[in-house]
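Hi everyone, thanks for making time today. I'd like to walk you through one structure, starting at its ligand and then moving into the interior.

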Amino acid sequence: MTKPQHHAVVVIGAGIAGATIANELLERGQAVCIIDAASSPATACSNHAHAIAHPHIGKGSPRLLRLTRIAFLLAESRWGATWNQHGIFQPSKKDRIFDQAEVSRRLCELHLDDGIAMALNSNEAEALCGVKHSGVWLPRGASLDLSKAAQELLKPHPNLRCYWDTRITRLEKCNLGWMLFNSENVALVSASKVVIAAAMESKALVGTINVRLPLRPVRGQLSIFSISANDPWIQKLPRIAITGDGYCLPAERLNDGSYRWIVGSSFDEGEDDLQARDSSDEFNRIQAKGLVNYGEGNSDSLKRVGNFIGIRCVAGDRLPIIGALTQRPGIFLATALGSRGALWSALAAKLISAQVLDDDFALLARFGFAADLVAALAPARFFAGALAVAPALGTFASNSKPILPSGPKAK
Ligand SMILES: Cc1cc2nc3c(=O)[nH]c(=O)nc-3n(C[C@H](O)[C@H](O)[C@H](O)COP(=O)(O)OP(=O)(O)OC[C@H]3O[C@@H](n4cnc5c(N)ncnc54)[C@H](O)[C@@H]3O)c2cc1C
């Protein structure tokens with residue numbers, strides 16, 4: 001790449017976010033160039049074969065609840081034919097009284113009908129899910145192999161150009177739009193529009209154009225446990241996925257009668273090292289006991305046979321950062337996907353492609369996006385003076401001084 005080639009749209013980052021956005025643009029007839037520092041798609045946090053997807057139904061801002069419902073429906077329409085729809089049960093908190101009628105009413109308010117979310121008392125939960133505990137059953141909840149999904153989204157296409165092993169370190173405004181440079185300060189490509197989907201590294205990239213993003217890393221370790229045939233744990237292993245304090249997938253019986261069970265995830269704020277830790281597996285054993293309500297279970301029976309370790313990228317307010325960076329025209333962001341990479345990627349693909357293509361935003365409204373939701377995701381929410389929401393659902397920021405929000409921890 002000696003002479004910088006010009007592209008209409010360049011996507012930086014081929015994780016699940018960048019891959020989904022690039023694919024959506026291709027589907028809409030655009031030529032796309034995707035650039036990644038690694039030699040193939042989804043080698044970083046998206047190298048995750050067991051990502052669960054369901055609408056958020058617990059505590060959280062009303063916007064988060066509305067957004068995850070829309071995002072779940074978009075993810076389901078994108079991956080529903082291929083993902084593993086095992087259903088997901090969310091037990092009620094042990095220290096709270098479960099009022100089934102009240103929970104049903106809340107689900108209804110969130111437009112989550114029985115096909116998506118059902119409040120169950122403990123007898124109903126035992127009959128339907130095999131878990132004797134009240135809670136909410138999400139029959140369409142599923143898990144997705146993010147890595148396979150990203151590879152499928154980026155399979156060869158006449159309008160897709162991929163640059164692998166190519167790290168972008170700097171952006172600069174130029175008369176064609178934006179010039180992208182590597183660490184040797186060589187101009188690699190120019191682009192009319194640039195989508196930055198580089199997870200934590202998005203912070204350094206937009207830093208080169210004097211925009212500061214409040215992103216932080218959260219290390220996570222998922223454990224793959226083996227349980228021997230005849231171990232008492234086997235009676236407790238779930239046939240559905242469970243989410244609560246952590247999550248687990250349905251246990252899988254192997255030919256020799258033992259079981260394989262995936263349980264996650266540890267949550268290490270501000271940390272970004274990828275070494276496996278015994279302490280994280282131990283944490284997951286404790287979560288496992290809580291998820292299946294088996295406090296007396298022997299931890300030693302859960303033998304670690306594998307891990308997935310990744311670095312989540314989160315913003316302080318737990319929402320992803322998706323949208324046009326309005327104070328730098330031509331730059332779009334899709335980062336801070338936190339623990340909801342499957343959902344937010346599906347949503348980012350629709351929102352970013354509409355903004356990149358300058359769509360009639362009435363189209364977005366059909367997916368349930370309202371102006372307040374677009375503003376809640378917009379990068380501009382972190383910058384002083386980011387109050388105006390344009391009629392076309394775009395947002396404006398007066399400068400790039402960040403307001404660091406102090407929100408609850410990401411899950
Ligand atoms: C333990 C754990 C459990 C999780 N569980 C779930 C779950 O159950 N459900 C769910 O939906 N999500 C889950 N997640 C979150 C999910 O994995 C992430 O949200 C998602 O993978 C993030 O995707 P991404 O594309 O934003 O980032 P990444 O996958 O990290 O991709 C970023 C890409 O950008 C590239 N890149 C970075 N910098 C540059 C640069 N300067 N130049 C070129 N390329 C660059 C990288 O090489 C990488 O390929 C979990 C995460 C962890 C760690």
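**Around the ligand**

So, this is a predicted model, and in it 44 residues surround the ligand. The closest are Gly 13, Gly 15, Gly 220, Gly 310 and Gly 341.

What kinds of residues make up that shell? They divide into 24 nonpolar, 15 polar and five charged. If you want to find the shell by its elements, look at helix 1, strand 3, helix 6, strand 12, strand 18 and helix 8, each of which supplies at least two residues. And which domains are involved? At least three shell residues come from each of domain 1 (1-85 + 143-214 + 316-411) and domain 2 (217-315).

**Into the core**

Now for the interior. The largest nonpolar core has 131 residues, and Ile 21 and Val 195 have the most contacts inside it. Helix 8 gives this core its largest share, 11 residues. Both domain 1 and domain 2 contribute at least three residues each to this core.

Let's zoom in on Ile 21. Setting aside residues up to four places away in sequence, Ile 21 touches Val 11, Val 195, Ala 197, Ala 334, Ala 348, Ala 349, Ile 352 and Ser 353.

**One helix up close**

Last stop: helix 5, residues 146-153. Which of its residues are buried? Leu 146, Ser 147, Ala 149, Ala 150 and Leu 153 are. These residues lie on the same side of helix 5, because they cover an arc of only 160° around the axis. What covers them includes helix 1, strand 3, helix 2, strand 7 and helix 8.

Thanks for listening!

Note on methods: Residues are numbered from 1 along each chain as its sequence is written. This is a predicted model: local features need pLDDT of at least 70, side-chain atom pairs count only at pLDDT 80 or more; totals for chains, interfaces and linings use all residues. A residue is near a molecule or strand if its C-beta atom, placed from the backbone, lies within 6 Å of it. Helices (H or I, at least four residues) and strands (E, at least two) are DSSP runs, numbered from the N terminus. Ala, Val, Leu, Ile, Met, Phe, Trp, Tyr, Cys and Pro count as nonpolar, Asp, Glu, Lys and Arg as charged, and the others, Gly among them, as polar. Domain bounds come from an automatic or database domain assignment. A nonpolar core is a set of buried Ala, Val, Leu, Ile, Met, Phe, Trp, Tyr and Cys residues joined through C-beta atoms within 7 Å. A residue is buried if 20 or more other C-beta atoms lie within 10 Å of its own, exposed if 12 or fewer, and partly exposed in between; C-beta atoms are placed from the backbone. Two residues are in contact if their C-beta atoms, placed from the backbone, lie within 7 Å. The arc is that of the directions from the helix axis to the C-beta atoms.
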